[in-house]
Amino acid sequence: PAAIAGEVAAGRTVFVDVTADWCLTCQVNKALVIDPDPIRSRLNGSQVVAMRADWTRPDPVIAAFLHRYGRFGIPFNVVYGPGTPAGRVLPELLTKEAVTAALDAAAGQAAAAARSEHAARERAATAEIIRAARHARWLALQESAVPLVAELAAGAADPGDAQGRIR
């Protein structure tokens, strides 16, 4: 903790990764987000200090660090910097976007706001695609159901077979 405060006071960003060899989610975060670029390049930059706390074997100092954030397990990642001196806790399942946004915010960069806005636009576009796909599915169901309803009303279809005909 004292080392973190010193790095932040010097204007650097600190990325803390509390992990363990036995933690499957930690290993997934490392393999899919922390180790590949662009995150690895950011963590290796001159203004970022990457710290790893290995909790493979219980350690009271690491346990106390987790407890300060109301956590009792791992994975746990937090980013400190001039823009977030108290630290910004990351979700347990990391994404490149979440880590990038936290690093930007910690550094106090205006880019964080722009990236966040871009991510919000991407989420809105994805939601619109999902809405359109659901609507298309509803239209397809309605199209297949209309003739069936007419057949059921005319007594020309067996109600027990009706469900299998709507897909």
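Two strands pair if DSSP finds at least two bridges between them, and helices (H or I, at least four residues) and strands (E, at least two) are themselves DSSP runs, numbered from the N terminus. With that settled, Val 79 can be placed opposite Arg 88 in strand 4.

Some ground rules come next. This is a predicted model, so local features need pLDDT of at least 70 and side-chain atom pairs count only at pLDDT 80 or more, while totals for chains, interfaces and linings use all residues. Residues are numbered from 1 along each chain as its sequence is written, and side-chain values use heavy atoms, with hydrogens and water left out.

On confidence, pLDDT is the predictor's own score for each residue, from 0 to 100. The chain comes out at an average of 86, and 85% of the residues score at least 70. Strand 3 (residues 76-81) sits at the top with a mean of 98, and helix 7 (residues 159-165) at the bottom with 61. Where pLDDT is low, the predicted coordinates should not be read in detail.

Now for the strands. Strand 1 and strand 2 run parallel and are joined by 7 bridges; one pairing here puts Phe 15 with Ala 50 of strand 2. Strand 1 also pairs with strand 3, this time antiparallel, through 5 bridges. Among the facing residues, Val 14 stands opposite Tyr 80 and Val 18 stands opposite Phe 76. Strand 3 in turn runs antiparallel to strand 4 (residues 84-89), with 3 bridges between them, and a hairpin of 2 residues makes the connection from strand 3 to strand 4.

Burial goes by relative accessible area: buried is under 20%, exposed is over 50%, and partly exposed is in between (1.4 Å probe, protein chains only). By that yardstick, 7 of the 7 residues of strand 1 are buried, so the strand is largely enclosed by the rest of the structure. Both of its faces are covered, with Thr 13, Phe 15, Asp 17 and Thr 19 on one side and Val 14, Val 16 and Val 18 on the other. Strand 3 gets similar treatment, with 6 of its 6 residues buried. There, Phe 76, Val 78 and Tyr 80 make up one covered side, and Asn 77, Val 79 and Gly 81 the other.

Thr 13 gives a residue-level view of strand 1. Its relative accessibility is 3%, so Thr 13 counts as buried. Contact here means heavy atoms within 4.5 Å. Setting aside neighbours within four places in sequence, the contacts of Thr 13 include Gln 47, Val 48 and Val 49, then Val 79, Tyr 80 and Gly 81, and also Leu 103, Ala 106 and Ala 107.

Charged pairs are next. A salt bridge is a side-chain nitrogen of Lys or Arg within 4 Å of a carboxyl oxygen of Asp or Glu, and the structure holds 5 of them. One of these joins Asp 17 and Arg 52 at 3.2 Å, N to O. That pair links distant parts of the chain, since Asp 17 belongs to strand 1 (residues 13-19) and Arg 52 to strand 2 (residues 48-54), 35 residues apart. Asp 17 is buried at 7% relative accessibility, whereas Arg 52 is partly exposed at 45%.

Another salt bridge brings together Asp 104 and Arg 42, at 2.8 Å, N to O. Asp 104 is in helix 5 (residues 96-107) and Arg 42 in helix 3 (residues 39-43), so this pair ties together parts that are 62 residues apart in sequence. Asp 104 is buried, with a relative accessible area of 0%, while Arg 42 is partly exposed at 23%.

A third example, Glu 128 with Arg 131, also comes in at 2.8 Å, N to O. Both belong to helix 6 (residues 111-154), and because they are 3 residues apart, about one helical turn separates them. Glu 128 is partly exposed, at 44% relative accessibility.

Finally, the surface. Patches are made of residues with over 30% relative accessible area and no salt bridge, joining like charges within 9 Å and nonpolar side chains (Val, Leu, Ile, Met, Phe, Trp, Tyr) within 5 Å. Leu 24, Val 28 and Leu 32 form a nonpolar patch of about 310 Å², with accessible areas from the Shrake-Rupley method with a 1.4 Å probe, where for residues only the protein chains shown count as cover. Leu 32 belongs to helix 2 (residues 24-34) and is exposed, at 55% relative accessible area.
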